[in-house]
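User: Hi! I'd like to go through this model with you, if you have a moment. Could you take a look?
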Amino acid sequence: MKAEEKNTELVVSAFHDALERTPIEKTRVCMVSDIPFPPRLIRPLGVDFFHTTRGRAIPFATGMKLGNPKLKVVVFIGDLVTLGGNHFVHAGRRNMDILIICVNDSIYTRIAGEELPVKLERIRFSSYGSFEESFNIPHLANSCGAVYIARWTALHKEELSGSISYALQKNGFSLIDVLSQKSDILEFYHTNSEVREEEDTNNVAITEDKKIIVGKFIDRQRPTFIDSYNKQLSRVMGDKFVKIEV
Amino acid sequence: MKENQKGVLEGKYKLSGNQACAEGAISAGCRFLGYHPITPSFEIVERYAQRCGDVDGVLIQMEDEISVLAAVLGASWTGRKAITVTSGPGLSLMLEHVGLGVMLETPCVIVDVQRGGPSEGLPNSPGSGDVMQARWGSHGDYELIALSPNSPQDMFDLTIEAFNFSEKYRTPVLIMADEAVGHMTDEVVISPPELVERKYYRGPKEKYLPYKWDKDLIPPMVDIGQGYKFHVTGLTHDERGYPVMDEYCQEWNVHRLIDKIRLYSDEIVRIEEEETEDADVVVVSYGISSQDAQNAVKRAREDGIKAGSLRLVTIWPFPEKQVTELARKVKTLIVAEMNYGQIFYEVERCSRGSANTVLISRQPSQVHHHEDILEAIKKV
Amino acid sequence: MKANPEDVFTGVYYIDGDVACAYGAIAAGCKFLAGYPITPSTEAAEAFVRRAPEVGALFIQMEDELGSIAAVLGAAWAGKKAMTITSGPGFSLMMENIGLGAALEIPFVIINIQRGGPSTGVPTRTGQADIMQSRWGSHGDYEVIALSPDSPQESFEFMIKAFNLAERYRCPVMLMSDECVGHMTEKVVIPPASEIEIEPRRFYKGPKEDYIPYKRESDLVSPIVKAGDGYNLYIIGLTHDERGYPISDEEALKKDLDKISTNRYLVDKIRKNRDDIIEVVEDQIDGAEVVVVSYGITSRVALKAIEQARSDGIKVGSLRLITVWPFPEKRIEEIAARVKGFVVPEINYGQVAFEVDRCSHGEANVILVPHGGASVHDPKDILGAIHRVASEKKRYENVIEYTTGLEMSVFGKRLAEIARK
Amino acid sequence: MEASKTLTIEKEQRHPMDELLRMDRIPHIWCPGCGIGAAVSAFAAALEKLEFDLDKVCVVSGIGCTGRVAGYIKLDSFHTTHGRAIPFATGIKLGNPDLKVVVFSGDGDLVSIGGNHFIHAARRNIDMVVICVNNFIYAMTGGQVAPTTPIPAYTTTSPFGNFEPPSNIPRLAEAAGAVYVARWTALHLRRLTESIVEAFQRPGFSVVEVISPCSMYYSRINKLGEGIDMLRFYHDNAIIRHGEPTENLDIDYQKQIIIGRFVDRERPTFMDSYRKWLSGAESISKEKVDEKN
């Protein structure tokens, strides 16, 4: 999975804007990804960047967050639900305090009855082999307990960086599903998308017959992994327990 | 065997190594391919996908390489010949199931189109960094077979060979290709292959014991759904396939798994010797490096140096005898491989001090240059 | 630097090897353990989690071994001393990310309590068959350090050694224990903190703007920094240069990778520092005609055979590998020139034995005393092998596999003979 | 005449389960009071009801206490690696679609290490039945915390009480796309049997969760008494609510457990869509290959 193929510049620049407009020390932000972003994209952000093996960005980020709870760990992941599906589900269950930005390069050839105007080679091998139904990622995230879930196309620049900025200040497992593809395909997604805030995640699957539903779907509070850890252990051990400072 | 020759090609075709591998699998009667996309092995899948309609093959993209090999093992037990294709990182994920394949004695073929490593390394450059991993990668002690092609035609032939070995010895067989061979395009002759059929159990159903081995140490097999109601397990098992947790059963089980390959190494091993009879210095190589080695040797001969070349077609089991004998005849063995010394150690071991061994660890950039080998030859 | 007194549970204990590993890790300053239950390593995790909260350490049980190792790598970059505990099957699952750890030069420790393999094998019984895997298990070229303890006391001490080596050389260090040592309960003496040397992490001291992630010092190892300290790190698993920037395939095909990438150093930093790393225990090597090379639990079994052989009048020396990797090549070479041969007992069908054979360059015979696992050797077999080497006239063509009593009792005759029929 | 007589006698003496169990492996390894045996007998009963050709039924298990089920059921049965029962079964199903494939494994095996395969098999809607025995703990390795352990249950790796929210298996299965999802306890044998029968009859990925007592670890460490006490607890606290929305199915520590049939829908199975795709896919016939040259 090459970074260029997916037109990731848009996502990264949205992240850049978000960092600019968010009251958060950049040096505390760590970016973990299984996408090999080129240095020219990352350097200007002024954050620490770690590239991991395919699909393992989330457990890597989990370790990083627990290793130093003061960090704000942001995961840019391409292999969210292929190799990484299990880590995704369990990090959500634990409500690990990390922000997942899913750089979603799935190809949908038919949306709201309209054909994708772009000719694609290798279409048969787009993310799962074309005949397989793809995951409804927001719904899956919801079912495993994410506290913040939104979806945008990479062309929803304002909304996207707004979402990221909000999620950066939120504690808990947050997911932003960003449709990111070559510009012509992205254009098609964008024109065939429709903003519906607070939509029930059951209905946001991307299907042939309806428009791509984007927006913020879930925003709730749950104690994070570290909160519950501190609570439970201080309850049992009393002052003998060394609390984890966040 | 179920495979029919419907849709199988014949004649001369211009194919890349990867495509040739897919055609080889199809000719060998392989009708199941499980994969997870990874450069630079992907053209194999594409080719197979375009062809599986013609040959009623099954193709599935699993969620990760771990599940890929699990699925391949399962498919193999249904009587289909099964294959998976991957590259270094994928092979690392498959390792646990390589062990399971060995333990269940499941025939299957794993193609590793090697790339630069370690970790993500260089996805589009050749490497030979996984050859020791192929032998030692999974936990516990086991033996398996690994072949190393050096041209598209080889890719085709060895794929068929691999399936034959896997059926004959009931073991996973690895094809350790590399990016250069996989993407090299050349004319490939596709001819009707000689196939080894799976050794099926013929006796009465109720008497069937999954791991009751014949004199040749290989137990006959059955397919799922034939009413044998057999049980197999990854745990150490007796001939009924039931787990037994003691050193006697472990010895009974694992020692045979090892010996069923070691004792047949003479039948399995294949090497290509060139001008080694009178040679003072011989270049030992495999895969893409062997082409350059052979060129270098020709050049050296032109310059009047008594050089020869030994190409390992079979890497595992390692051609110990052949190398030991050669070492006695020559002064120096030069090992040319695209890593910092892996097969080199095996050659060093087998030369038993009677010839000194030199390693040229080569870089992707040097793949198609044989000067460095020539220099080394001249030096010694 | 001395160990932190809070981390050291000074005293005399009667504990098993697994627990000793956990206490050793805590004493070494390990503050993060990610694990997944697997027999026979679980006791170590249980012991760690019970004491962890007192010392501000954290345990997380991940969803699988792939997750565990990835979490360990993350925690290590965050500045914690981190480790994971597993056994064969988990070890196989970790291989891909062990490669990442090696490529990113992350200091971390893996405990592998070996069990009988391959595959699920005999989970509750011992084995030593992951030794080669620990060296070659991940794809591509890299070097690791592997230690092999033979007692709970050593399990404790080697954990500290392991963390020190990891911090010193920024590489994966593996403690290749086994089920026997792991479940063997013995007296373990934990000294006061003042007697425990701890290698601090090699943090970069210079000015932030001059920091180059993989700039080597004289010993080929580069200093490290913590994530989140404003170094604007760029760390990538692709083949990278000194700055950590990825090298494109086009570049790789044009230039000499040795010069532009860090790959070469992944092996050289261990090979060049070999002599500082390698540790062996020798006994009566000088003047010996036979030398027994052993490691882990097997070395304790071998002792009995060695004593017996000596009372039989054979000059037997013993070479015990503390560091299995890197392998003590030079030493074996020297010894090979002086002795009739080596006897290598190991609980597998030949792994280290082949290494010994390689390093002896045909100058000495090598007899392998194999064992499939699920129990340890019968000293009689080792003794028999010693006698055979001592009385051997001819020079072997290859490693000779000694026919053990176990093989005879199981197959009646040698498997080879059965197959030749 | 004589023959038929002896035959009838044998019929009377024969236990209905003998056909389906490997009697040469009995006694089994499960502890007294464990619920796995109950699940197995329900499964066997279901098979008898279904009157399948038993030669065509195949059981795959992973590792763990429930993982041993494959070893005791007298069908083609596979005991595979930890967490990988589902992909192994996927291979079997695709290799020979005529087979009925059952995955019989535990919560740790299917939802923890096997979680990814679980959701993906559900997404693909591979035609198989998954019976997940959930005992809230890793029992085979000696009682470690599982992703299903309720808060704040004690285990050997949560000696200060578990603090991780447990996963809700039916909800995960539904979200991922399973066509049939039910949950019963080791006490509700008759209903469990019916559910397994239904699961077999639905084409697609069906999940049946079986809440089971672990008398040796879970209930001992948490002082919940013997297996029988756990069953009594189920009797008093299990509420049947068919079609309950899966988000309400979280299990709290020693609180009420909602059981029943929650999801029963139709989706095209993997094989359906695969065949469709194959028929549509333009494959290279020989001529086309020649053109390529």
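User: Which residue is the bridge partner of D:Ser61 in β2(D)?
Analyst: Happy to help! This is a predicted model, and in it D:Ser61 has D:His79 as its bridge partner in β2(D). The strands involved are β1 (residues 57–61) and β2 (residues 76–79) of chain D, which pair in the parallel sense over 4 bridges.

User: And which residue of β2(D) is the bridge partner of B:Thr233?
Analyst: That is D:His79. It belongs to the pairing of β10(B) with β2(D), which is parallel and runs over 3 bridges.

User: Okay, what's the strand order in that sheet?
Analyst: The order is β10(B)-β2(D)-β1(D)-β3(D)-β4(D)-β8(D)-β7(D)-β10(D)-β9(D), an open sheet of 9 strands with mixed pairing. From one strand to the next, the twist averages 20°.

User: Which strands stand at the edges?
Analyst: Those are β10 (231–233) of chain B and β9 (238–240) of chain D. Each has a single partner strand, so one side of each has no neighbour in the sheet.

User: Which strands does helix α2 of chain D lie across?
Analyst: Helix α2 (residues 36–50) of chain D lies across β1, β4 (128–134) and β8 (205–211) of chain D, and runs at about 155° to β4(D). Helix α10 (residues 227–237) of chain D also packs on the sheet, where it touches β7 (180–185), β8, β9 and β10 (257–264) of chain D. The direction of α10 makes about 40° with that of β9(D).

User: Switching to the helices between chains: at what angle do α3 of chain B and α4 of chain D pack?
Analyst: Helix α3 (residues 65–77) of chain B and helix α4 (residues 85–95) of chain D pack at about 40°, and their axes are 6 Å apart. Angles from 35 up to 65 degrees count as oblique, and therefore α3(B) and α4(D) are oblique to each other. Their crossing is right-handed.

User: Which residues make that contact?
Analyst: From α3(B) they include B:Ala70, B:Leu73 and B:Trp77, while α4(D) gives, among others, D:Phe88, D:Ile92 and D:Leu94. By class, the contact residues of the two helices are 11 nonpolar, 5 polar and no charged.

User: How many residues does the whole contact of chain D with chain B take?
Analyst: It takes 38 residues from chain D and 42 residues from chain B. On the chain D side, the elements giving two or more residues are α3 (69–72), β2, α4, α6 (115–124) and α12 (286–292). The largest share, 8 residues, comes from α4(D). That side of chain D has 14 nonpolar, 15 polar and 9 charged residues.

User: What about chain C with chain B, how many residues there?
Analyst: That contact takes 67 residues from chain C and 64 residues from chain B. Helix α4 (residues 88–103) of chain C gives the most to the chain C side, with 11 residues. By class, the chain C side divides into 28 nonpolar, 24 polar and 15 charged.

User: Last topic, confidence: what is the mean pLDDT of chain D?
Analyst: The mean is 89, and 90% of the residues of chain D reach 70 or more. For the model, ipTM is 0.92 and pTM is 0.94.

User: Where is pLDDT under 50 in chain D?
Analyst: One such stretch is residues 1–6, for which the model has 0 contacts beyond four places in sequence. Residues 285–293 of chain D are also below 50, and that stretch has 7 contacts beyond near neighbours in sequence.

Terms used
Residues are numbered from 1 along each chain as its sequence is written. Chains are lettered from A and ligands numbered from 1 in the order in which they are written. This is a predicted model: local features need pLDDT of at least 70, side-chain atom pairs count only at pLDDT 80 or more; totals for chains, interfaces and linings use all residues. pLDDT is the predictor's confidence in each residue, from 0 to 100. Two residues are in contact if their C-beta atoms, placed from the backbone, lie within 7 Å. Axes are lines fitted to C-alpha atoms, for helices over the stretch in contact, and angles run from 0 to 180 degrees between N-to-C directions. Angles under 35 degrees count as roughly parallel, over 145 as roughly antiparallel, 65 to 115 as roughly perpendicular and the rest as oblique. A crossing is left-handed if the near helix is turned anticlockwise from the far one by less than a right angle, and right-handed if clockwise. Ala, Val, Leu, Ile, Met, Phe, Trp, Tyr, Cys and Pro count as nonpolar, Asp, Glu, Lys and Arg as charged, and the others, Gly among them, as polar. Two strands pair if DSSP finds at least two bridges between them.
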